Amino acid sequence: MSEPKVWAKKSTFIFAAAGSAIGLGNLWKFPYMVGENGGGAFVIVYLLCVLLIGLPLMMSETIVGKYSHGNAIDAIGVTAERSGASQGWRGIAVLSMVVIFIILSFYSVIAGWAFDYTKAFMMGDMGHSAKEVGAYFGDLLADPKRLIIWHTVFMFLTAIIIARGAQEGIEKALGIMMPVLFILLFIVVGYSAFATGAFGKTLTYMFSPDFSKITPMVVINAMGQAFFSLSLGMCVIMTYAAYMRKDVSITESSIYVSGLDTLMALLAGLAIFPIVFANGLDSGSGPGLLFVTLSTAFTQLGTMGTILGVSFFFLVIIAALSSSISMVEPFVKWCEEHLGWNRFAVTFLYCFAVWAFGLITVFSFNIWGKVDVLGTGKNPFDLLDFVTSSICLPIGGLLVSIYVGWVMNKDISREQLSTLSGALFGLWLFVVRFVAPVLITIVFISSVLGEEKMNALIQQILAIQNEPLLVLTLIV
Ligand code: TRP
C-alpha cells in the first residue's frame, strides 16, 4: 500500500468530522423532533444518548479508521485480520453504505429547500407574515418541479466537491463557514431572547422535562436523532478518521466534535422556539418548523431580516454540503481504493443514483403525501426517515460497539487510546461493551413490545422510584 494520505493540519479531523456532524440534523431536524416528542423530555433523553452512547461510539469508529488508514470496509477487514476475527464483519460497512445512500437521497431534497429560501430572501419573495411564509412553504412543497431543480443543484454540488477529492478545500471552507454559522445562530438566539418575550418559556420548555412524556417512542427517536446528528453508526466518522494524523488525540477530537454538534442543536432550538411561542405557532408542526417559523421572524425585520435570511439559509446549505460529502466519501473511497475505479466517474454515477432515489422524497411532499405505506401511517419520506434514522443507525451503532468492544483485539484500542489513563480506558471499554449495546437493545425491545406495554412498565418503575434519572442510571 502507498503512504497513507493524511490531513495536513492537526485540526482538520475535527473540522471535517464536525462538518459532517453539524448539518440539517441540528438546524432542521433537532428542533422539530423536540417539538414532536415532548419538549424537555426529548432533550434530556437526547443528551443522555449523546453522552452514554454517542461519544463512546464516535471514539470506537475513530479508532478503527485511524488504525487502518483505509476505506471503511477494508478498515474493518484489517482490524478483523489482526484480531483473528471473521472478515464477515466488513458487512457492517457494506450495510451502512446502503443506509447512507437512502439518507442522502432525502437529505438532498431538504437541503434544496434552503436553496429556494436563500433565493426567495434575496428576491424579497417571502412575504411578511407567518401566514404568507407558511403559504410560501406550502407552495414550494406542492411543486415537484421546483423541488427537483434544487435537489439536482444540491446533488451536483456534492458530486463536484467529492469528485475533486476536496480534503484540502473542505478544510479551508469549513474553517470560515462553521464559525460564521455559529455567530449567525447566536445572533438569532439573541433576537429570540430579547425581542420575542418568549425566551423564558422556551427555557422551561426545553430544559425542565416533564418525565411523564418519556415514552418508548420518544426514547427511540432521541437515540436515532443522536446517531443521525453525530453521523454515527454508518462508518462515516470511520472513513474520515482514516485521514487522521498519528499525533491527533482520538478522545479529545471526539469530545470536541460531539460537544460542538450538541451545542449547535441546542442553539437551533433556542433560536426557533421563542419565535414559535411568540407567534402562537405549533411547535409540533414537523419538518416545516425551521422553514416557516424562522423565516417568519426574518421577514419581520425589514432589511436586516433580508440579510439575516440570506446568510442563514446560505449557511444551512454549507452545513448540509459538508455533511452530504461525508455520506458520499465512504463508497467512493472504497471504489477508488479497492476496485481502482476512476473517482470522478464513480462519484457522478453514485450521485446520479442517489438523485433518482431522492425523487421518492420529492413526491412524498405532494402527489404521494397522503400515501400510507404498508399501513404504517407514514408517507414514503416519513417511513424512509424513520427506518433509516431511528432503526438502521442504532443497529449500525450496535454492531460497531459489539465489533469494537468484543471482537476486535483490545490491544488495537489500547494503542489508539494511548493518551487515556488506565481507569478511563477501562471506563470507555465498559461503556462500549455493555452500556451502549444494552441501552440500544432495551430501546429496541421496547419498540417491539409496543408503546402501551412499555409505557405501563415505565409508569410502574416511576411509581416505585420517583426519580427517573436515577432509574436510568440504575439501568446503566
Ligand atoms: N450528521 C449530519 C447532520 O446532522 C447528517 C449526516 C452526515 C449523517 N453523515 C451521516 C447521518 C451519516 C447519518 C449517517 O445533518
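Me: Which residues lie nearest the centre of the largest cavity, and how many line it?

Reply: First the idea: on a 1 Å grid over the protein atoms alone, a cavity is a set of points where a 1.4 Å probe fits but cannot get out, and lining residues have an atom within 4 Å of a point. Here the largest cavity has 18 lining residues, with Ser20, Ile103, Phe228, Ser231 and Met327 nearest its centre. Keep in mind that this is a predicted model, where local features need pLDDT of at least 70, side-chain atom pairs count only at pLDDT 80 or more, and totals for chains, interfaces and linings use all residues. Residues are numbered from 1 along each chain as its sequence is written, and side-chain values use heavy atoms, without hydrogens and water.

Me: What takes up the space of the largest cavity?

Reply: A molecule sits in a cavity if more than half of its atoms lie within 2 Å of its grid points. In this model, the largest cavity is the space taken by the ligand.

Me: Which polar atoms of the protein does the ligand meet?

Reply: A polar contact is a pair of N or O atoms within 3.5 Å. A ligand oxygen is 3.1 Å from a polar backbone atom of Leu24. One ligand nitrogen lies 3.1 Å from a backbone N or O atom of Ser229, and a ligand nitrogen is 3.3 Å from a side-chain N or O atom of Ser326.

Me: How much of the ligand's accessible area does the protein cover?

Reply: Accessible areas come from the Shrake-Rupley method with a 1.4 Å probe. The protein covers 100% of the 360 Å² that the ligand has on its own.

Key. A polar contact is a pair of N or O atoms within 3.5 Å; within protein, one must be able to donate a hydrogen and the other to accept it, and residues adjacent in sequence count only if both atoms are side-chain atoms. On a 1 Å grid over the protein atoms alone, a cavity is a set of points where a 1.4 Å probe fits but cannot get out, and a pocket is an open set with protein on both sides within 12 Å along at least five of seven lines; lining residues have an atom within 4 Å of a point.
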